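Me: I have a model open here and would like to talk through its packing before I set anything up. Could you take my questions as they come?

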Amino acid sequence: MNKTTIYNILLISIIPILFIISTFDFKIAISTTVLMSLAFIAVIIFTIDCIRKRKHLFSKNEFLIIAVILLSVIISFAYQISYMMKGIYYFGSVIQQVNAVLFLIIGLYLYQLHFDQFNKSLRIVSWIAFASAVHALFEEIVYFVNNGIALRVFSIYSNPIPAGTVWVMCIFLPLTGKRIPDLIMKIVYLIAIFLCMSRSAWLALVLGLSLYAVINRDTITKHYMAIKKPLRIALWIIMIFLIIGLLQIPTIREIIVFRLFHISTGPAAEAYSVRTTHSVYLLDIFFHCNPIFWVTGHGPGSTVPMFMSSPYWELDHYNVVDNSYLSVLYEYGIVMIITIVYILFLAFRKLYYKFKSASCISNEDAIYALMFICGAVTAFFYDLQYIMTPTLMMMLMAATVMTPKKDKNA
């Protein structure tokens with residue numbers, strides 16, 4: 001096997017390998033460090049390749065974004081030193097943030113310089129995520145048969161919300177590459193997303209499918225009109241009766257009613273109350289602290305001790321805010337939030353260019369931007385930065401929207 005083939009295998013396999021390792025983030029404590037080591041080695045190899053072939057990895061625009069993120073990480077290390085002097089250690093949080101930067105660099109390199117390999121990597125990830133959805137449904141069937149009630153599924157992931165995030169993002173990736181088989185197989189994704197019972201995942205799915213329909217309106221209309229009118233009418237009737245039939249199943253009806261209409265009452269009221277009170281408390285603390293912290297933030301992991309010293313700790317023992325944007329605001333400051341909003345703007349701009357049928361935006365470009373937006377929606381409802389699998393996916397997708405694709409295979 002020649003060197004070119006070996007390197008090509010590395011390019012295709014690095015993202016799936018990182019994806020698999022990231023799923024053990026909460027199961028094996030050392031996995032986050034292993035993840036960082038592997039990502040760091042990959043970044044070194046890719047940097048050497050760029051230098052050897054005299055290729056620029058970052059444009060000026062991309063470099064500014066990377067610089068803001070790196071500066072935040074450097075400041076975080078400075079805060080870590082001050083924490084250490086007080087006998088407080090948050091090395092795990094620092095490692096997680098370093099991982100996020102490494103993921104972004106890997107995404108930039110592969111997307112810009114090895115676009116075909118990047119697409120193949122995401123195709124493999126889609127199959128892994130699909131397998132996890134099948135696994136989740138198998139677990140659900142076994143549990144339902146034995147207990148008679150539905151369980152919130154999350155398969156190999158640490159929590160139903162990140163599980164739903166991964167499935168919502170990956171539902172837009174191809175599996176077989178053929179339209180009909182892919183549509184049939186993605187029903188598994190839809191069922192898994194429904195059974196994870198995450199309102200944020202449901203919202204992201206609805207938004208994602210709506211945006212997908214808008215940017216692909218011409219293709220969808222073409223295929224729809226190609227179906228004979230009597231068959232179209234029959235399909236609509238079947239779909240309506242199918243939805244009505246599903247809603248008659250007590251378990252399905254209970255899940256929908258409980259998750260959508262009992263947010264602030266019943267068993268869900270405690271989580272709702274904790275999230276709202278913690279959000280208000282964090283904002284109050286942030287805007288009443290020294291203004292320098294508005295820019296620099298308080299460092300990675302600082303939300304945990306902040307909540308543990310809050311008046312709510314003895315009541316609920318809840319040490320997170322369950323909102324990635326608020327935790328980033330507190331830990332990294334306003335500048336980082338502005339950077340995130342700018343990247344989100346770039347994602348919507350790519351979808352707009354696709355909507356206008358701009359030739360510079362491919363189907364893959366639009367799908368990756370759409371995936372980033374879906375992940376950004378669920379990030380309102382949990383601390384994304386502390387869970388590595390969706391963090392990996394979000395940083396890879398951020399790389400695709402930060403820069404125009406340069407399809408130059410080395």
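Reply: Gladly, and one cut-off is needed at the start: a residue is called buried when its relative accessible area is under 20%. Please also keep in mind that this is a predicted model.

Me: OK, with that cut-off, how many residues of helix 4 are buried?

Reply: In helix 4, 21 of the 23 residues are buried, so this helix is largely enclosed by the rest of the structure. From its first C-alpha to its last, helix 4 reaches 33 Å, which is close to the 33 Å expected at 1.5 Å a residue.

Me: Phe-103 caught my eye, so where does it lie, and what does it touch?

Reply: Phe-103 lies in helix 4 and is buried, with a relative accessible area of 0%. Not counting residues up to four places away in sequence, Phe-103 touches Leu-18, Leu-35 and Ala-39, and also Met-388, Thr-391, Leu-392, Met-395 and Leu-396. Its C-alpha is separated by 8.8 Å from that of Val-43, a residue 60 places apart from it along the chain.

Me: Switching to empty space, how many cavities of 30 Å³ or more are there?

Reply: The structure holds two cavities of 30 Å³ or more, and about 490 Å³ of space lies in the largest. The largest cavity is lined by 25 residues, of which Val-328, Ile-340, Leu-384, Gln-385 and Met-395 are the closest to its centre. Met-395 is also one of the residues that Phe-103 touches.

Me: And which helices supply the lining?

Reply: At least two lining residues of the largest cavity come from each of helix 3 (60–85), helix 4 (91–113), helix 16 (324–332), helix 17, helix 18 (363–378) and helix 19 (388–402).

Me: What about helix 17, then: what is its span, and which of its residues are buried?

Reply: Helix 17 runs over residues 334–355, and its 22 residues reach 31 Å from first C-alpha to last, close to the 32 Å expected at 1.5 Å a residue. Its buried residues are Met-336, Ile-337, Thr-339, Ile-343, Leu-346, Ala-347, Leu-351 and two lysines, Lys-350 and Lys-354. Helix 17 is followed by Ser-357, whose phi is positive, near 60°.

Me: Where else is phi positive in a residue other than glycine?

Reply: For background, most residues other than glycine have a negative phi. Ser-155 has a positive phi of about 50°, and it lies in the loop between helix 5 and helix 6 (160–170). Met-197 has a phi near 55°, and its place is in the loop between helix 7 (179–195) and helix 8 (199–215).

Me: Are those two buried or exposed?

Reply: Ser-155 counts as buried because its relative accessibility is 8%, and Met-197 counts as buried at 7%.

Me: On to the rings: how many aromatic pairs does the structure hold?

Reply: There are 17 aromatic pairs in the structure. Among them is the edge-to-face pair of Trp-127 and Phe-130, with 5.8 Å centre to centre and 80° between the planes. These two residues are three apart in helix 5 (residues 115–147), so about one helical turn separates them. Trp-127 counts as partly exposed at 35% relative accessibility, whereas Phe-130 is buried, with a relative accessible area of 11%. Phe-287 and Trp-294 also form an edge-to-face pair, at 5.8 Å centre to centre and 65° between the planes. Phe-287 counts as partly exposed at 41% relative accessibility, and Trp-294 is partly exposed at 28%.

Me: Which rings are linked into a cluster?

Reply: Ring pairs link Tyr-111, Phe-115, Phe-118 and Tyr-368 into a cluster.

Me: Any charges over rings I should look at, and if so, which?

Reply: The charged end of Arg-217 sits over the ring of Phe-355, 4.0 Å from its centre, and Arg-232 lies over the face of Tyr-224 at 5.1 Å from the ring centre.

Me: Last one, what is Leu-10 in contact with?

Reply: Leaving aside its neighbours within four places in sequence, Leu-10 is in contact with Ile-45 and Phe-46. Leu-10 is found in helix 1 (residues 3–22) and counts as partly exposed, at 25% relative accessibility. Leu-10 and Ile-237, 227 residues apart in sequence, are 49 Å apart in space, C-alpha to C-alpha.

Methods. Residues are numbered from 1 along each chain as its sequence is written. This is a predicted model: local features need pLDDT of at least 70, side-chain atom pairs count only at pLDDT 80 or more; totals for chains, interfaces and linings use all residues. Side-chain values use heavy atoms; hydrogens and water are left out. Helices (H or I, at least four residues) and strands (E, at least two) are DSSP runs, numbered from the N terminus. The expected span of a helix is 1.5 Å times one less than its number of residues. Buried means under 20% relative accessible area, exposed over 50%, partly exposed in between (1.4 Å probe, protein chains only). Contact means heavy atoms within 4.5 Å. Rings of Phe, Tyr and Trp (its six-membered ring) pair if their centres lie within 6.5 Å; planes under 30 degrees apart count as stacked, over 60 as edge-to-face and the rest as tilted. A charge sits over a ring if NZ of Lys or CZ of Arg is within 6 Å of the ring centre and within 35 degrees of the ring normal. On a 1 Å grid over the protein atoms alone, a cavity is a set of points where a 1.4 Å probe fits but cannot get out, and a pocket is an open set with protein on both sides within 12 Å along at least five of seven lines; lining residues have an atom within 4 Å of a point. Grid points are joined across faces, edges and corners, and a volume is the space filled by probe spheres set on the points.
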